[in-house]
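Q: Please take a close look at one part of this structure and work outward from it. I would like to know what packs around it and how the neighbouring parts are held to one another.

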Amino acid sequence: MKRAALAVSTLSLLSLTACGGGADPDSATGEPRPTAPRAKQAPPAERLAKLMITKADVPGLDVKATSRDKGDDKYVFAESPDDVTVDQPACAPPAYALNQLPLGEPQGELTSFVPQGSKYTYITLTTYAPGKAASAFAGLAKGVDACGGGFTAKANGSTTYDSVTAEEPVAKAGDESLAFRATTPFRGITHTLHAQAVRKGDLVAVYVSVDGMAMVQDRPGDAKLPPAVVKAQNKKLG
């Protein structure tokens, strides 16, 4: 996946503009006055690790790391969005969101999950270059609107979603929030997944809940997003 980079000339121009062309002279000595170093933003991986909720944020629950490495888990749907083929291009963002894959072109991503009995809530955090988070969020919103009749996504296997329906977010936060549910058939039984996305500045959080044991036990599944988990993560986004 391509990553955006700022041109050196742009950075130089911004630096000169911010400093007014140079340091202010000291009134006593006439020498340039040293300027305080600017605070550097943490690397994406470090920043997301600090923003992801931990057990301390959700008392009584656990928060575990997850991996999309198919060498570790044969059930992983895809290692990256590049591995996914969707029969309707507009439905790609909902497909990514439902399978813990990043939206758009993030600079960094991190996924964890919270197990609660047979139900699992996945949290995917992504950070973007300026403007890219809003664009990624808009793509997801358009996909939810356009894919009500369902779609099929293929990667490590094939998943068909019979419907995609917008619904009220569990907890609104940040600059933008949206939520939706998707139904998928498995062995002739319908399962409902619930998802919510929140954008705060250049960050996007996507939550997805699924009842994994329902699929194994051949019974209908309908895992709702747990408010305590969503609210705790929203709070850490700021």
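A: The part to start from is helix 2, whose buried residues are covered by elements that include strand 3 (108-116), strand 4, strand 10 and helix 6. The model is a predicted one, and everything below is read from it.

The buried residues of helix 2 are R47, L48 and L51. These three lie on the same side of the helix, since the arc they cover around its axis is only 95 degrees. In general, an α-helix has 3.6 residues a turn, so residues three or four places apart point the same way. The face turned away from the buried side of helix 2 carries the exposed residues A45 and K50. Helix 2 therefore has its buried residues on one side, with A45 and K50 exposed on the face turned away from it.

Strand 10, one of the elements that cover helix 2, spans residues 203-211, and nine of its nine residues are buried. The cover extends to both faces of strand 10. On one side the buried residues are L203, A205, Y207, S209 and D211, and on the other they are V204, V206, V208 and V210. That division follows a general pattern: in a regular strand the side chains alternate between the two faces of the sheet.

Strand 10 pairs with strand 4 and with strand 9. Strand 4 (residues 119-127) runs antiparallel to strand 10, and nine bridges connect them. With strand 9 (residues 189-200) the pairing is again antiparallel, over seven bridges. Within the pairing of strands 9 and 10, Q196 stands opposite Y207. Strands 9 and 10 form a hairpin with two residues between them, and G201 in that turn has a positive phi of about 60 degrees.

On the strand 4 side, T121 gives a closer view of the pairing. T121 lies in strand 4, and its bridge partner in strand 10 is S209. The side chains of T121 and S209 also make a polar contact, at 2.8 Å. T121 counts as buried because its relative accessibility is 2%, which is under the 20% cut-off for that class. Beyond its neighbours within four places in sequence, T121 is in contact with S112, F113, V114, Q116, V208, S209, L225, P226 and V229.

Helix 6 is another of the elements that cover helix 2, and a salt bridge ties one of its residues to a distant part of the chain. D57 and K236 form this bridge, with their closest N and O atoms 3.3 Å apart. D57 sits in the loop between helix 2 (44-51) and strand 1 (64-65), whereas K236 is in helix 6 (residues 227-237), 179 residues away. Both partners count as partly exposed: D57 has a relative accessibility of 29% and K236 one of 26%. As a general point, side chains of opposite charge can pair when their charged atoms come close.

The whole structure holds 10 salt bridges. Another of them is formed by the side chains of R187 and D218, at 3.2 Å from N to O. This pair too links distant parts of the chain, 31 residues apart: R187 is in the loop between strand 8 (176-186) and strand 9, and D218 is in the loop between helix 5 (212-216) and strand 11 (221-222). R187 counts as exposed because its relative accessibility is 58%, while D218 is partly exposed at 40%. Elsewhere, D175, E176 and R199 are joined into one network by salt bridges that share partners. K172 and E168 form a further salt bridge, with the closest N and O atoms 3.6 Å apart. Both of these residues are exposed, K172 with a relative accessible area of 61% and E168 with 59%.

The covalent cross-link comes last. The structure has one disulfide, which joins C91 to C147 with an S to S distance of 1.9 Å. The link is left-handed, with -110 degrees about the S-S bond. C91 lies in the loop between strand 2 (85-86) and helix 3 (92-98) and C147 in the loop between helix 4 (132-146) and strand 5 (151-155), so the disulfide ties together parts that are 56 residues apart in sequence. Both cysteines are buried, C91 at 0% relative accessibility and C147 at 1%.

Technical notes
Residues numbered from 1 in each chain as written. Predicted model: local features only at pLDDT ≥ 70, side-chain atom pairs only at ≥ 80, totals over all residues. Heavy atoms only, no water. Buried < 20%, exposed > 50% of the residue type's maximum accessible area, 1.4 Å probe, protein only. Helix = DSSP H or I, 4+ residues; strand = E, 2+ residues; numbered from the N terminus. Pairing = 2+ DSSP bridges. Polar contact = N/O pair within 3.5 Å; in protein donor to acceptor, adjacent residues only side chain to side chain. Contact = heavy atoms within 4.5 Å. Salt bridge = Lys/Arg side-chain N within 4 Å of Asp/Glu carboxyl O. Arc of directions from axis to C-beta. Disulfide = S-S within 2.5 Å.
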